[in-house]
Amino acid sequence: MVMNEKLDRLVDLAIKSKEMAYVPYSKFRVGAAVLSADGRIFGGCNIENASYGATNCAERTAVFKSVSEGARQIEAIAIASDHPTFAYPCGICRQVMAEFGQDIIIILVNKNREIIQTNIEDLLPHSFTKKDLPEENNEF
Ligand code: THU
C-alpha cells in the first residue's frame, strides 16, 4: 500500500494530469501518475488519434515518460478517471506495467477521489515477462 503524503502526491498528480487528456473521440479523460523507485513522479494522460488504434492510454504515457527519463523501476501508479466506480487499466497497459514494475501497486481513483489499491499480480497473474525469454535476450 502507498500511504500518507506519497499517496496524496500521486493521486493529486493523476487527477491534474487528467486535465491534459486529449480525448476528442471518446471524451473519456484519464490521468496517471507513476512513482519510480528513485522517488521521482511522472504524470501522463490519454492521447487519442483520428486513427483510433494509435491512441495511447494515460498509464502508458506516464510509464513511458518515467522510463525515458531513466526511471525504469516503478513502484506504483495512480490512475484517475471520471468513472463513477473505478476504471481498471486495459490489458496492454497491464503488460507494460509488468515490464517495469514487478511488484507495482496500482491505485485507482474515481471521480469523487475515492481510492482503491491493488497490484499487478492480481490484475495480470501468470504474466509473460523477461523471465520467460532465453537468457541471451536479457542482456539489457
Ligand atoms: N484509456 C486509458 O487511458 N486507460 C485505460 O486503462 C483504459 C482506456 C483511454 C483510452 C481512450 O482514450 C479512452 O480511455 C477510451 O477507451
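Visitor: What covers the buried residues of α3?
Guide: The cover over the buried residues of α3 includes α2 (58–68), β3, β4 and α4 (120–123), where contact means heavy atoms within 4.5 Å; helices (H or I, at least four residues) and strands (E, at least two) are DSSP runs, numbered from the N terminus. This is a predicted model, in which local features need pLDDT of at least 70 and side-chain atom pairs count only at pLDDT 80 or more, whereas totals for chains, interfaces and linings use all residues. Residues are numbered from 1 along each chain as its sequence is written, and side-chain values use heavy atoms, with hydrogens and water left out.

Visitor: Which residues of helix α3 are buried?
Guide: In helix α3, which spans residues 91–100, they are Cys93, Arg94, Val96, Met97 and Ala98.

Visitor: Why does lysine 18 count as buried or exposed?
Guide: Buried means under 20% relative accessible area, exposed over 50%, and partly exposed in between, with a 1.4 Å probe and protein chains only; lysine 18 has 8% relative accessibility and therefore counts as buried. Lysine 18 belongs to helix α1, and, leaving aside residues up to four places away in sequence, it touches Arg29, Val30, Gly31, Ala80, Ser81 and Asp82.

Visitor: What lies beneath helix α1, and at what angle does it run to β1?
Guide: Helix α1 (residues 4–18) lies across β1 (30–36), β2, β3 (74–81), β4 and β5, and runs at about 145° to β1; axes are lines fitted to C-alpha atoms, for helices over the stretch in contact, and angles run from 0 to 180 degrees between N-to-C directions.

Visitor: What makes β4 and β5 a pair, and how do they run?
Guide: Two strands pair if DSSP finds at least two bridges between them; five bridges join β4 (residues 105–109) to β5, and the two run antiparallel, so the pair meets that criterion. In this pair valine 109 stands opposite isoleucine 115 of β5.

Visitor: What is the order of the strands in the sheet?
Guide: The five strands form an open sheet of mixed pairing, in the order β2-β1-β3-β4-β5. The edge strands, each pairing on one side only, are β2 (41–45) and β5 (115–119), and the twist averages 20° from one strand to the next.

Visitor: What makes the approach of glutamate 48 to the ligand a polar contact?
Guide: A polar contact is a pair of N or O atoms within 3.5 Å; within protein, one must be able to donate a hydrogen and the other to accept it, and residues adjacent in sequence count only if both atoms are side-chain atoms. A polar side-chain atom of glutamate 48 lies 2.5 Å from a ligand oxygen atom, and therefore falls within that limit. For the side chain of glutamate 59 the corresponding distance from an N or O atom to a ligand oxygen is 2.6 Å.
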